[in-house]
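Got the viewer open? Let's walk through this one stop at a time, selecting as we go.

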Amino acid sequence: MLRLLTFYLICFFSPVYAGEWHIDQHYENNIVQFTSEIIGFSFQGKTNEIDGFIYDADNKILKAGADFLFEVNLTDLSSGIGKRDRDMREILNTHRWPKATFTGRLNKVHQDSLMKDLYVTNSKGILSLRGKEKIITVKTRIKQQHKHTLRIDAHFSIKLSDYNIEAPKLASFIKVSEDIKIRVGFVMKLATSIPGS
């Protein structure tokens with residue numbers, strides 16, 4: 001929680017430089033998606049309600065040490081079935097913990113040898129879900145779409161037990177997998193400079 005507050009204070013009291021990028025809230029194809037796979041059966045839930053930033057005081061966004069913070073609105077997760085969505089929100093206790101957060105720093109950023117506008121890094125940080133925190137490392141692809149636009153994509157997995165979540169049953173004979181696959185994809189835009197900064 002202290003780390004999260006520190007990030008907010010950095011953004012609030014610091015002028016916005018070329019090293020600060022925000023998620024484009026108007027981009028319709030932003031997505032956070034989870035997949036639970038069981039033998040012979042799988043289901044997905046998704047939302048486009050993600051917000052956050054990447055910030056580097058030296059204006060070098062694609063370098064190790066750049067801070068990031070991302071938040072996902074769990075109350076908006078949808079699997080396409082109303083009852084399942086209500087059960088999912090109850091299991092995640094979204095009334096008490098409506099958001100999942102991922103805060104941390106980029107590790108060394110490598111440029112792709114074939115695609116000069118593509119970069120790969122490992123994003124190491126703290127994933128907070130349902131009141132529990134765990135340090136994870138996520139392999140992340142960063143594509144420079146335009147001078148002021150980045151596309152971020154990542155795939156990783158989490159274990160429900162790491163966050164004190166008991167795998168629920170969809171029916172008397174189908175239990176949700178303990179391992180949940182996560183896919184995220186979103187666009188970030190260069191923050192507008194504050195006049196006079």
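Contact here means heavy atoms within 4.5 Å. With that in hand, start with the whole protein chain: among contacts between residues at least 6 apart in sequence, 61% join residues at least 24 apart. Before zooming in, note that this is a predicted model, where local features need pLDDT of at least 70 and side-chain atom pairs count only at pLDDT 80 or more, while totals for chains, interfaces and linings use all residues. Residues are numbered from 1 along each chain as its sequence is written, and side-chain values use heavy atoms, with hydrogens and water left out.

Switch to cartoon and you get two helices and 13 strands (DSSP runs numbered from the N terminus: H or I of at least four residues for helices, E of at least two for strands). Colour by burial next: 41% of the 197 residues are buried (under 20% relative accessible area; exposed is over 50%, partly exposed in between, with a 1.4 Å probe and protein chains only).

Now select Phe34, Leu74, Leu77, Ile180 and Ile182, which lie nearest the centre of the largest pocket. A pocket is an open set of points on a 1 Å grid over the protein atoms alone, where a 1.4 Å probe fits, with protein on both sides within 12 Å along at least five of seven lines; lining residues have an atom within 4 Å of a point. About 970 Å³ of space lies in there, a volume being the space filled by probe spheres set on the points, which are joined across faces, edges and corners. The lining runs to 45 residues.

Which helix gives the largest share of that lining? Select residues 82–92: that's α2, with seven lining residues. Show Arg84, Asp85, Met88 and Leu92 as sticks; these are the buried residues of α2. They line one face of the helix, because seen down its axis they fall within an arc of 100° (taken from the directions from the helix axis to the C-beta atoms). On the other side, Lys83, Arg86 and Glu90 are exposed. Just after α2 comes Asn93, with a positive phi near 50°.

Next, go to Ser128 in strand β8 (residues 118–129). Ser128 counts as buried at 18% relative accessibility. Beyond its neighbours within four places in sequence, Ser128 is in contact with Lys99, Ala100, Thr101 and Glu133.

Last, two loops. Arg130, between β8 and β9 (132–146), has a positive phi of about 55° without being a glycine. Asn164, between β10 (149–159) and β11 (169–171), also has a positive phi, near 55°, and is partly exposed at 49% relative accessible area.
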